[in-house]
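User: I should like to learn how to read the empty spaces and the helix packing of a structure. Please take the model below as the example.

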Amino acid sequence: MRSNILITLTSLAVASAYPGPPPPPGPGPKYDFKRPGPNDSRGPCPMLNALANHGFFPRSGKNISIDQIVSGIDLALNLDPASSRPVAEFGATTSTTGNPQTVNLADMAAHGVIEHDGSLSRADAITGNANTLNPSIYATFIANFAGKTVITIPDAAKARRARIAAARAINPNFVFTAREDEFSRFETSLYLAVFGTGTIGNAPKKWVEVMFCEERIPYKEGYVRPTDVITNDDLVELATKLITA
Ligand code: HEM
C-alpha cells in the first residue's frame, strides 16, 4: 500500500456504518462546530481536524479509533469507507497512544509516513510544525486562485506544482519521490472530490478556504453531504487528471 496506495485502495470493500445522509443543510446540533481547546490534539490534515471540530470524531482529537475515522468521514462527507479505511489504518501506524487501533490527530505529523514535504498549507517538517496552518505558505497556495470562485482541476494542479517547487527551493533536504507525489495528488484529489462536482473538479474556493483556515465544514456557506458516494475510482480519476492538467 505504501508504494501504490491509489491503486491498492480500489481492491478493498468495507460496508458503511451509517444507513444514509443526515438531513440537509447540516447534520444537526450534535455536530456543531467548536474550536479546539488548548489540550485537544490536532494534526496535519485540515479535514480530520475539521471533523473533530464538528464532533464527527472525539472532539479531543485523542485516542480516535480507526472505525471512528472511517465512520465519521462516511457520515460527514459520503466518502466510501473502502477508500478511507486503508488510509485511516495507515495513518494509525503513527499512533503514540499505546493502542495500535487508536491514534491522536497530532501523531500523524510523523514525517515520512503520510506527512510529506511540499504541503499546500504547512511548512516542511524540517522548517516548521506540520500540525498547524502556516499562513504565509497557505497565502502562496490560495493566491493561485486569485479572482476565481471555483477551483478547476488545471488550477489545482498548477497550485500543487507551485507549492512543490517553492518548498524544494528552500529545503536542502527536500524529499519528494513518487510516493510523496502520490500522497500529495491524493490530497488535492480529496478536496476536489469532496467539495467539487464528481470527477470534474470545480470546488467552490470559499469552501476550500473554510476547510484550510477555520478547519470547519462549510455548512454555513452551502455545503451539503453529497447524495452520491465518492468512490476510490473517483479519487484515482482525479489524481490521474492532475498529472496531465
Ligand atoms: C482517511 C483518513 C485520512 C487520513 C489518515 C489523513 C491524513 C492526512 C495527513 C497525515 C496529511 C498531511 C500530509 C502532508 O504532509 O501534507 C493530510 C493532508 C491532507 N488531507 Fe487528509 N487524511 C485523511 C482524510 C482526508 C479527507 C477525507 C480529506 C478531504 C478533503 C483530506 C484532505 C487533506 C488535504 C487537502 C491535505 C493537504 C494539506 C496540506 O497540504 O496542507 N484528508 N491528510
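Analyst: By the rule explained next, the count comes to 2 cavities of 30 Å³ or more. The model is predicted, so local features need pLDDT of at least 70 and side-chain atom pairs pLDDT 80 or more, while totals for chains, interfaces and linings use all residues. Residues are numbered from 1 along each chain as its sequence is written, and side-chain values use heavy atoms, without hydrogens and water.

User: How is a cavity recognised, and what volume does the largest cavity have?

Analyst: Rolling a probe the size of a water molecule over the atoms shows where empty space is left. A cavity is a set of points, on a 1 Å grid over the protein atoms alone, where a 1.4 Å probe fits but cannot get out; lining residues have an atom within 4 Å of a point. The largest has a volume of about 750 Å³, the space filled by probe spheres set on the points.

User: Which residues lie nearest the centre of the largest cavity?

Analyst: Cys45, Pro46, Ile114, Glu187 and Leu190 do, among 36 lining residues. Helix α7 (178–195) is one of the elements giving two or more residues to this lining; α7 gives the most, with 8 residues. Helices are DSSP runs (H or I, at least four residues), numbered from the N terminus.

User: At what angle do the axes of α6 and α9 cross?

Analyst: Two packed helices are described by the angle between their axes and the distance between the axes. The axes, lines fitted to C-alpha atoms over the stretch in contact with angles from 0 to 180 degrees between N-to-C directions, come within 9 Å for α6 (residues 153–170) and α9 (residues 232–244) and cross at roughly 70°. The two helices are therefore roughly perpendicular (65 to 115 degrees).

Key. 1 Å grid on protein atoms, 1.4 Å probe; cavity = no way out; pocket = protein on both sides within 12 Å on 5 of 7 lines; lining within 4 Å. Parallel < 35°, antiparallel > 145°, perpendicular 65-115°, else oblique.
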